[in-house]
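Visitor: I would like to go through this structure by asking what stands behind each label you use. Please set the value against its cut-off whenever you draw a conclusion.

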Amino acid sequence: MQGHKWFAAVYDRMTAPAERGFLKHVRKEIAGGASGRVLEIGAGTGANFAYYQDGLEVVATEPDPFMMRKAEDRAGEAKARIELKQASAAKLPFEDASFDTVVGTLVMCSVDDQAEALAEVRRVLKPGGEYRFFEHVRYENPIGALSQTLIAPFWGWVGAGCHPNRRTVDSIRDAGFEVTRVEFSMPTPPIPPMIFTRPHALGFATPRND
Ligand SMILES: C[S@@+](CC[C@H](N)C(=O)[O-])C[C@H]1O[C@@H](n2cnc3c(N)ncnc32)[C@H](O)[C@@H]1O
């Protein structure tokens, strides 16, 4: 991946209001509860790193070299041991069944092909392992969903390939996961354009045996 230089440059500033608000609770729950051998996909600038438990071994992957550079600084400050690797979720350079936990926050909006990336998440998870996710998803309300679809081309252009209108929880089930818990929320957007990146789905899934 060539990467998105400007998106990486502004990402932390753009998300700062949300990080001070709902995202800190999300990261505490998703990353803070990760255990065993952990893989993070699409780690971005490393916003989850500070939330992993002391001494935990985390392999954090990210395809964008500009995001990676920012993540490197954060990896050094974390209490967990973070190993960074440049890789796409579409082709994870790890053996089958090699992680207890996979963490992904705000990633399935950006991957080119959700089915491909989720198949990789499933492949690298051990049987009984857990995929801990937080994603913005498509509105159930048809007007909301239509607004997301109409803005999608522009949104993808300014948002480094982000698709605001994906049915990500359905995709997770379709990829062979049992979603053991999912909570949808509709926080007040900290900045007005973020009305397109609601509702949110925070959840946990485990590979089905089929
Ligand atoms: C909105 S950012 C989220 C970053 C971070 N996970 C967070 O919670 O702040 C989306 C991230 O997905 C990454 N991404 C895009 N395509 C990807 C792929 N095929 N595999 C893994 N990550 C990808 C982007 O480079 C970017 O870092």
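Guide: In this predicted model, A160 is found in the loop between α5 (142-158) and α6 (168-174), and phi of A160 is near 55°, a positive value in a residue other than glycine.

Visitor: Is A160 called buried or exposed, and why?

Guide: A160 has a relative accessible area of 14%, and because buried means under 20%, A160 is classed as buried.

Visitor: Which class does L106 fall into, and what makes it so?

Guide: The relative accessible area of L106 is 21%; since partly exposed covers the range between under 20% and over 50%, L106 counts as partly exposed. L106 is found in the loop between β4 (99-105) and α4, and phi of L106 is near 60°, again a positive value in a residue other than glycine.

Visitor: What surrounds the ligand?

Guide: There are 17 residues around the ligand, the closest being Y11, G42, E62, A89 and T105. Sorted by class, this shell holds nine nonpolar, five polar and three charged residues.

Visitor: How do you know that T105 makes a polar contact with the ligand?

Guide: An oxygen atom of the ligand is 2.7 Å from an N or O atom in the side chain of T105, and because a polar contact is a pair of N or O atoms within 3.5 Å, the pair with T105 qualifies. By the 3.5 Å cut-off, A89 qualifies through a polar backbone atom that is 2.8 Å from a nitrogen atom of the ligand, and S88 qualifies through an N or O atom of its side chain that is 3.0 Å from a nitrogen atom of the ligand. The protein covers 92% of the 590 Å² of accessible area that the ligand has on its own.

Visitor: What makes R27 and E19 a salt bridge?

Guide: The side chains of R27 and E19 meet with an N to O distance of 2.7 Å, and because the rule asks for a side-chain nitrogen of Lys or Arg within 4 Å of a carboxyl oxygen of Asp or Glu, the pair is a salt bridge. Side chains of opposite charge can pair when their charged atoms come close. R27 has a relative accessible area of 3% and E19 one of 17%; because buried means under 20%, R27 is buried and E19 is buried.

Visitor: How many salt bridges does the rule give?

Guide: The count comes to nine salt bridges. Among them, R181 pairs with E29, the closest N and O atoms being 3.0 Å apart.

Visitor: Why can the pair of R181 and E29 be said to tie parts together?

Guide: R181 lies in strand β6 and E29 in helix α2 (residues 22-30), so the pair joins parts that are 152 residues apart in sequence. E29, R181 and E183 are linked in a network of salt bridges. R181, at 35% relative accessibility, counts as partly exposed, and E29, at 30%, is partly exposed.

Visitor: Why is R81 called exposed, and what does R81 pair with?

Guide: R81 has 53% relative accessibility, and because exposed means over 50%, R81 counts as exposed. R81 forms a salt bridge with E57, the closest N and O atoms being 3.2 Å apart. R81 lies in strand β3 (residues 81-85) and E57 in strand β2 (residues 57-61), so this pair ties together parts that are 24 residues apart in sequence. E57, at 44% relative accessibility, counts as partly exposed.

Visitor: What makes W6 eligible for a nonpolar surface patch?

Guide: W6 has a relative accessible area of 47%, and because patch residues need over 30%, W6 passes that cut-off. W6, V10 and M14 make a nonpolar surface patch of about 270 Å², and W6 is found in helix α1 (residues 5-20).

Visitor: How do you know that E120 is buried?

Guide: E120 has 12% relative accessibility, and because buried means under 20%, E120 counts as buried. E120 lies in helix α4 (residues 114-124), and the side chain of E120 makes a polar contact with the side chain of R123 at 2.7 Å.

Visitor: Which peptide bond is cis?

Guide: The peptide bond from R198 to P199 is cis, with omega near -10°, and P199 is found in the loop between β6 and β7.

Methods
Residues are numbered from 1 along each chain as its sequence is written. This is a predicted model: local features need pLDDT of at least 70, side-chain atom pairs count only at pLDDT 80 or more; totals for chains, interfaces and linings use all residues. Side-chain values use heavy atoms; hydrogens and water are left out. Patches are made of residues with over 30% relative accessible area and no salt bridge: like charges are joined within 9 Å, nonpolar side chains (Val, Leu, Ile, Met, Phe, Trp, Tyr) within 5 Å. Accessible areas come from the Shrake-Rupley method with a 1.4 Å probe; for residues, only the protein chains shown count as cover. Helices (H or I, at least four residues) and strands (E, at least two) are DSSP runs, numbered from the N terminus. Buried means under 20% relative accessible area, exposed over 50%, partly exposed in between (1.4 Å probe, protein chains only). A residue is near a molecule or strand if one of its heavy atoms lies within 4 Å of it. A polar contact is a pair of N or O atoms within 3.5 Å; within protein, one must be able to donate a hydrogen and the other to accept it, and residues adjacent in sequence count only if both atoms are side-chain atoms. Ala, Val, Leu, Ile, Met, Phe, Trp, Tyr, Cys and Pro count as nonpolar, Asp, Glu, Lys and Arg as charged, and the others, Gly among them, as polar.
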